[in-house]
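Me: I'm new to reading protein structures, and I'd like to take a close look at one part of this one. Could you walk me through it slowly?

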Amino acid sequence: MRTRWYQSLSLRLLILFWLLFFGVASSSYLLALWFSKPVEPQPLSASVQNTLTPLLSDSQTFASLTPGRLLAGDFRVVASLAPEGKERLQVERNIGTSMQRLIMRQLEADQAEQIPYNNQMLIGPFYNNERRILLVRPLTLEERRMQVVSEQEAQEAQTTALLIGSGFISIVLGVWLVRPLKRLTQATRQIAVGIESPELHGLPKRSDELGELARALSNTAHDLAVSRDAQRRLLSDVSHELRSPLARMQVALTLSHDENDDSMNPHMQQMGRDLERLSNIIERILSLSRLENGLVKLTRVDVDTRELVEQLAADLSYVDAEQGRRVHVLPKAPDHGDWPVLSSDSELLRLVLENLVRNALQYTSELIELRCEKDGNLYHIFVRDFGEGVPEEQLQKLFEPFFRGDPSRHHKAGVGLGMALSLRAALVLGGKITAQNHPDGGLEVCVSLPKDGK
Amino acid sequence: MTKILLVDDDAELSSMLEQILTREGYELTLAADGETGLQRALSGSYNLILLDVMLPGIDGFQLLQRLRQQARSTPVLMLTARGDDDDRVAGLELGADDYLPKPFYPKELVARVKALLRRTPNTSVTPEPLEHAGFHIDPMQNEAKVDDVVLELTPTEFDILRVLVQGAGQVVSKDQMSVAALGRQLAPFDRSLDVHISNIRKKIHHNPERIQTVRGRGYRLMALASA
């Protein structure tokens, strides 16, 4: 199912971001409003009451109080409201709009209050003969300081609120966007190790692009599993179909030889050798194919590499003492550490090294040297021969299936699958193989393996 | 006369193997499919069964499983043309005694057959009962006990345990065990011994770690800490 435009992630993201910005902006606006609104009116302080009451109780004085006029101390009349007349409202000039608004509101108030505003304290209203007046005085230093402090507090609260708000919003965003991505990553990893149905939780049910991706991923996982199964079945069938006739030929050859009961005739001998060669090739092609298709199950254990190579040398001697004598395992070098114990698959590791050593034995007639070096978290196992080396341009081809150095000169050499097998097996083990000509002659193949597998 | 049952649907191969094994002095019975094979295996008394994996009807694994369910401990040598190591080991896990991948040298087959027959109960080496670390082996009775609980072992498993008990807590190398129990040297990539050991461990389910793996050297029996 394709994603409809109205379900698309881009649209959702757009709306989400818009909502978020809107939310942040409006909340900060509201906060600003909340903290910047004028301080609530306070009841008149006793000192003001004491100073002003005597002055204002006299109706003649009261009547003469027009805006702009100074009263006792710093008190000044700022507005007056008469019950009737043409200009019943009089306000001091040069007063800001917001102050005017405050004045108008305060004129309607039921009883006298004081309101700090900007640098002034608005006081009133006072009544006399239904006439009302409002007074102002400059704020005292102390009051001014209090105002600044409370403004600062307001600002701090505002900043904190904004920080917490935006943090919360980004967490929501992160969870909403990043969690599905993490799950997809995990699922991909699961697929990589061959799990048919990775854990996608509710992701495939989503209607946006992420849902589409999750569905595609789970289909791919299924297809992969199916083709892996097919591959496995094919390998199994092919090997069965090829091995059965080989088995018959092998038995038939033995029977024909025994019936004649004299030394085997050379043609039969040739047939025997080719039979062996053929089963060898089949075995190796199948191993190669299993390795390449990830059908080999690794069983990681602690592998003592020194023991492994020594066992390998011993086994080669068992088959052919002459060959065994040619394999030398170098003891630890003073500055390179000992042969390590690696977390690896002992069979595969042996396969890697055995093919390299056998190859060297087949193509040269001198010593084969095995040594190990440590390089950070990597161990390099070197298989070096003292033969003629390999032309530079062929070094890379060494690891291609069916490549053989110089078939005309090495008629008895293998089928050209050993090195390819080594490389694939090393890759499966999380390592790699490189080949180079040693400066002092001979080919040197290096198997690099991580200490802990991956 | 030693009787061998060969279950394989490959008629040509079967008849040729019959010739070879008859010449070695064995009496061969052939079965070309799983059902016939199972019937014969259950009805007749054979000293050894050669069993192919890919069979029409029930396959070699199923046949082996049913055979072992009927508590028949006849030695079984699996012949397999399937490539996977998993397939090879699967037979051992189901209680086969050894396996031989196809194609094989007939000489190798004869050698394995001889090795497996050599250690069937009546030709046992040490008739005296053995005991170590709670394990009790009585070769005469063909009985193995751990802490007085009788273990149901296949002949191969029995022999492996016998070698371990004989070792009396010393490390017994894989090669030693392989020679004693399978009658052959262990090849480099051979996991059969490990599978047999793991089968025995499963049967000592209350205490599988009593057979201890000594990395790179072999196995040994561990006495219980409290004992």
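Which strands of chain B does helix α3 of chain B lie across, and at about what angle does the helix run to β3(B)?

Reply: Happy to help! Keep in mind that this is a predicted model. Helix α3 of chain B covers residues 60-69, and it lies across β1, β3 and β4 of chain B. Its direction is at about 150° to that of β3(B).

Now let's look at the strands under discussion. β1, β3 and β4 of chain B belong to an open sheet of five strands, whose order is β2-β1-β3-β4-β5 with parallel pairing. As you read along that order, notice the two ends: β2 (27-31) and β5 (98-101) of chain B stand at the edges. Each of these two has a single partner strand, so one side of each is left without a neighbour in the sheet. The strands are also turned against each other: between neighbours the average is 20°, direction ignored.

One pair is worth zooming in on. Strand β1 of chain B, residues 3-7, runs parallel to strand β3 of chain B, residues 48-52, and four bridges join them. To find one of the partnerships on your screen, start from L6(B): its bridge partner in β3(B) is L50(B). As background, strands of a sheet pair through backbone hydrogen bonds, either parallel or antiparallel.

For the antiparallel kind, you can stay in chain B and move further along the sequence. Strand β11 (residues 211-214) of chain B pairs with β12(B) in the antiparallel sense over four bridges. Here T213(B) stands opposite Y219(B). Strand β12 of chain B, residues 218-221, also pairs with strand β10 of chain B, residues 172-173, again in the antiparallel sense but over two bridges. In that pairing, S173(B) has G218(B) as its bridge partner.

Let's step back to see where these pieces sit. Chain B contains eight helices and 12 strands, and 40% of its 227 residues are buried. Of the contacts in chain B between residues at least 6 apart in sequence, 58% join residues at least 24 apart.

Finally, chain B also touches chain A. That contact takes 21 residues from chain B and 22 residues from chain A. On the chain A side, α6(A) gives the most, with 14 residues. By class, this side of chain A has seven nonpolar, seven polar and eight charged residues.

Note on methods. Residues numbered from 1 in each chain as written. Chains lettered and ligands numbered in written order. Predicted model: local features only at pLDDT ≥ 70, side-chain atom pairs only at ≥ 80, totals over all residues. Contact = placed C-beta atoms within 7 Å. Nonpolar A, V, L, I, M, F, W, Y, C, P; charged D, E, K, R; others polar. Buried ≥ 20, exposed ≤ 12 C-beta atoms within 10 Å, placed from the backbone. Pairing = 2+ DSSP bridges. Axes fitted to C-alpha atoms, helices over the stretch in contact; angles between N-to-C directions.
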